[in-house]
Amino acid sequence: MKSRSNMPIDSSLVGLSGTPAWTSWTSKDALLYALGVGAGQPDPLDELEFTTENSEATPQVVLPTFANVALVGGGPSLPDDVDFTKVLHASQALSLTGPLPTDGRVETTGTITGVYDKGSGALVMTETVARDSVGQIVGTLESGLFLRGYGGFGGERGPSDSWELPTGKPDRVVTYTTRPDQALLYRLSGDRNPLHSDPAFSARGGFPTPILHGMCTYGYAGRALLHTIADSDPKRFRGMSGRFSKSVLPGQTITTSIWVDGTDVRFRTVDESGDAVIDKGTATIH
């Protein structure tokens, strides 16, 4: 049997699953996540339902994108000898069967569903399914990791994408300014990758300064969708997907443009220079 340290990054990883694991979260975890993706900024009295648990006549509810933190676990790990300064989050999709409770417990199982050769790197796709205590699916996460320098193994390039940027004026445009310490706050929700906090580590990865977590930017885009398309109601927010196309620096301003055509919701998030940071965005909102 191959050890994790000498497994190749190629299609032989497809089908590899982790050990099912139980994971839980508390009200405090959901509150901390909300602050980590900018809730309550710049006005602390905004979004109290997401940032407090004891405001009068305002019961706590959970941001839907918290699923990307709460439902993680039970997945296969990359080989030990992978250089993690070369690993970037490429894409993320979530699907929910309903709103998450403020306190919860689920069993999660992750499986590698694809390894694609992109030439300059390898794209590793995983799917994580979370079930409650009676076996009902709570949500599904699909993640893509891009491993720079691990391409060229002769594998398939992957399926084509039919997403197209709408040509008309967006129906909603939401601009948020991230905090200079946003990455330090977001990392407290679990992603302690030093790429987002340690200047020496981020320099080895080719970045002049620590960058914001892609999933933090994703959370900002999720808030824009929730508040403008779902009337701030998590029960209506059932899914979201997007591709990370550029890093954001803490303190930068990001703008999400949203197009709605019936049940078809598409979005694109750009930085201050107009470059896409999340592209090919879709959402499922009832």
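Me: Which residues line the largest cavity?
Reply: Keep in mind that this is a predicted model. The cavity has a volume of about 30 Å³, and the count of cavities of 30 Å³ or more comes to one. Its lining is made up of Leu63, Pro64, Thr65, Gly219, Gly222, Arg223, Leu226 and Phe237.

Me: And which helix gives the largest share of that lining?
Reply: Look at the lining residues again: Gly219, Gly222, Arg223 and Leu226 are among them. The element with the largest share spans residues 214-229 and supplies four residues. That's helix 6.

Me: How do the lining residues of the largest cavity divide into nonpolar, polar and charged?
Reply: Gly counts as polar here, and Gly219 and Gly222 are both in the lining. Arg counts as charged, and Arg223 lines the cavity too. The split comes out as four nonpolar, three polar and one charged.

Me: Over to strand 2: how many of its 10 residues are buried?
Reply: Buried means under 20% relative accessible area. Strand 2, residues 87-96, is mostly covered by that cut-off. The number buried is seven.

Me: Which residue of strand 5 stands opposite Leu94?
Reply: Strand 2 and strand 5 (residues 137-148) run antiparallel, with nine bridges joining them. Opposite Leu94, in strand 5, you'll find Leu141.

Me: What about Ala93, which residue of strand 7 stands opposite?
Reply: Strand 7 covers residues 237-244 and pairs with strand 2 in the antiparallel sense, over five bridges. Opposite Ala93, in strand 7, sits Ser241.

Note on methods. Residues are numbered from 1 along each chain as its sequence is written. This is a predicted model: local features need pLDDT of at least 70, side-chain atom pairs count only at pLDDT 80 or more; totals for chains, interfaces and linings use all residues. Side-chain values use heavy atoms; hydrogens and water are left out. On a 1 Å grid over the protein atoms alone, a cavity is a set of points where a 1.4 Å probe fits but cannot get out, and a pocket is an open set with protein on both sides within 12 Å along at least five of seven lines; lining residues have an atom within 4 Å of a point. Grid points are joined across faces, edges and corners, and a volume is the space filled by probe spheres set on the points. Helices (H or I, at least four residues) and strands (E, at least two) are DSSP runs, numbered from the N terminus. Buried means under 20% relative accessible area, exposed over 50%, partly exposed in between (1.4 Å probe, protein chains only). Two strands pair if DSSP finds at least two bridges between them.
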